[in-house]
Amino acid sequence: MGISIGDKFPEGVKFEWAPIDTGDPTSCSMPQEYDASKEWKGKKVVLVSVPGAFTPGCQARHLPPYIGNIDSILQKGVDLVAVIASNDGWVMSAWGKVNGVKVGSNQPVHSTDSPAKSTAFQDSEKILFLSDTKTQYSKQIGWQAGMGERNGRWAMIIEKDGTISYAEKEQDPRQVTVSGAEAILSKL
């Protein structure tokens, strides 16, 4: 298993997503399905997987550099950064809020082609916090952390045509090297 540079991001990858609709981390919207394969068509995406929201390495060393460098990442042509973990949608939404993601920064808007069902996003979208409990993508590609059902610590760059141009997994899930914001910035 695994994923290799040059592979295409597969069809049918779905995550769970609780939109950030309030700044209060103790109050969350209802989780909904997020069809990444559909939503990311034609977009350049940095997909970051962490073992768990609020865990020491993820909270202290992995997520903050992505948030701190989000504008630099977007300036390199990235449309969005998506952070996934095996936590549920509510936990992921709360994690985003605690780390400063603001109300409205990733709110869905209706597109003209399918107003009732579309989850096209506003240009202000920067970073999404998604639960990998639907498709279990990290498990599908064999990139788990070796700590039960937790996701592994890894990152990939998905180009606008769906081609994966960078994909690296940490050999030690307690380290943040090849999956960190600095590594991603060097590959953009």
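Helix α4 is largely enclosed by the rest of this structure, because seven of its ten residues are buried. Keep in mind that this is a predicted model. From α4 the tour moves to Phe129, then to the nonpolar cores, the cysteines with His62, and finally the aromatic pairs.

**Helix α4 and its surroundings**

- Which residues of α4 are buried? They are Gly89, Met92, Ser93, Ala94, Trp95, Gly96 and Lys97, so a lysine and a serine sit on that list along with the nonpolar side chains.
- The cover over those buried residues includes strand β1 (14–17), helix α2, and strands β4 and β7.
- At the N-terminal end, Asp88 acts as the cap of α4, with a side-chain oxygen 3.1 Å from the backbone nitrogen of Trp90.
- After the helix comes Gly100, and its phi is positive, near 95 degrees.

**Phe129, a β7 residue that meets α4**

- Phe129 sits in strand β7, which runs over residues 127–131.
- Is Phe129 buried or exposed? With a relative accessible area of 3%, Phe129 falls under the 20% cut-off, so it counts as buried.
- Setting aside residues up to four places away in sequence, Phe129 touches Trp17, Leu63, Val83, Met92, Trp95, Gly96 and Val101.
- Three of those partners, Met92, Trp95 and Gly96, are also on the list of buried α4 residues.
- There's a backbone approach here too: the C-alpha atoms of Phe129 and Ser93 are separated by 6.1 Å, although the two residues are 36 apart along the chain.

**The nonpolar cores**

- How many residues does the largest nonpolar core have? It has 26, and the ones with the most contacts inside it are Val46, Tyr66, Val81, Val83, Trp95, Ile127 and Phe129.
- Plenty of elements chip in: β3 (45–49), α2, α3 (70–75), β4 (80–85), α4 (89–98), β7, β8 (154–158) and α6 (181–187) each supply at least two residues of this core.
- Helix α6 gives the most, with four residues.
- Apart from this core lies another one, of 23 residues, among them Leu47, Leu130, Ile141 and Trp154.
- As general background, nonpolar side chains in soluble globular proteins tend to be buried together.

**Cys58, His62 and the cysteine picture**

- The unreviewed UniProt entry puts its "active site" annotation on Cys58.
- Cys58 lies in helix α2, residues 56–68, and is buried with a relative accessible area of 0%.
- Its contacts beyond four places in sequence are Val50, Pro51, Gly52, Leu63, Pro64, Trp95 and Arg153.
- His62 is also placed in helix α2, and a relative accessible area of 1% makes His62 buried.
- Leaving aside neighbours within four places, His62 is in contact with Val48, Ser49, Val50, Gly57, Arg153, Val176, Ser179 and Gly180.
- Val50 and Arg153 turn up among the contacts of both Cys58 and His62.
- Trp95 of α4 is a contact of Cys58 and of Phe129, and so is Leu63.
- Cys28 is partly exposed, at a relative accessible area of 25%.
- How many disulfides does a search of the whole structure find? Zero.

**Aromatic pairs**

- Searching the whole structure turns up nine aromatic pairs.
- One of them is Tyr34 with Trp40, a tilted pair at 6.2 Å centre to centre and 55 degrees between the planes.
- Both partners are buried: Tyr34 has a relative accessible area of 1%, and Trp40 is at 4%.
- Why is the pair of Trp143 and Trp154 edge-to-face? The ring centres are 5.6 Å apart and the planes stand at 65 degrees, past the 60 degrees needed for that label.
- Trp143 lies in the loop between α5 (137–140) and β8, while Trp154 is in strand β8, so the pair ties together parts that are eleven residues apart in sequence.
- Trp143 is buried at 11% relative accessible area, and Trp154 is buried at 0%.
- Ring pairs also join up into a cluster made of Phe9, Phe15, Trp17, Tyr34, Trp40, Tyr137, Trp143 and Trp154.
- Trp17 of that cluster is also one of the residues touched by Phe129, and Trp154 belongs to the 23-residue core as well.

Terms used:
Residues are numbered from 1 along each chain as its sequence is written. This is a predicted model: local features need pLDDT of at least 70, side-chain atom pairs count only at pLDDT 80 or more; totals for chains, interfaces and linings use all residues. Side-chain values use heavy atoms; hydrogens and water are left out. Buried means under 20% relative accessible area, exposed over 50%, partly exposed in between (1.4 Å probe, protein chains only). Contact means heavy atoms within 4.5 Å. UniProt positions are given in the numbering used here, feature names are shortened, and annotations may be inferred rather than shown by experiment. A disulfide is a pair of cysteine sulfur atoms within 2.5 Å. A nonpolar core is a set of buried Ala, Val, Leu, Ile, Met, Phe, Trp, Tyr and Cys residues joined through side-chain atoms within 4.5 Å. A polar contact is a pair of N or O atoms within 3.5 Å; within protein, one must be able to donate a hydrogen and the other to accept it, and residues adjacent in sequence count only if both atoms are side-chain atoms. Rings of Phe, Tyr and Trp (its six-membered ring) pair if their centres lie within 6.5 Å; planes under 30 degrees apart count as stacked, over 60 as edge-to-face and the rest as tilted.
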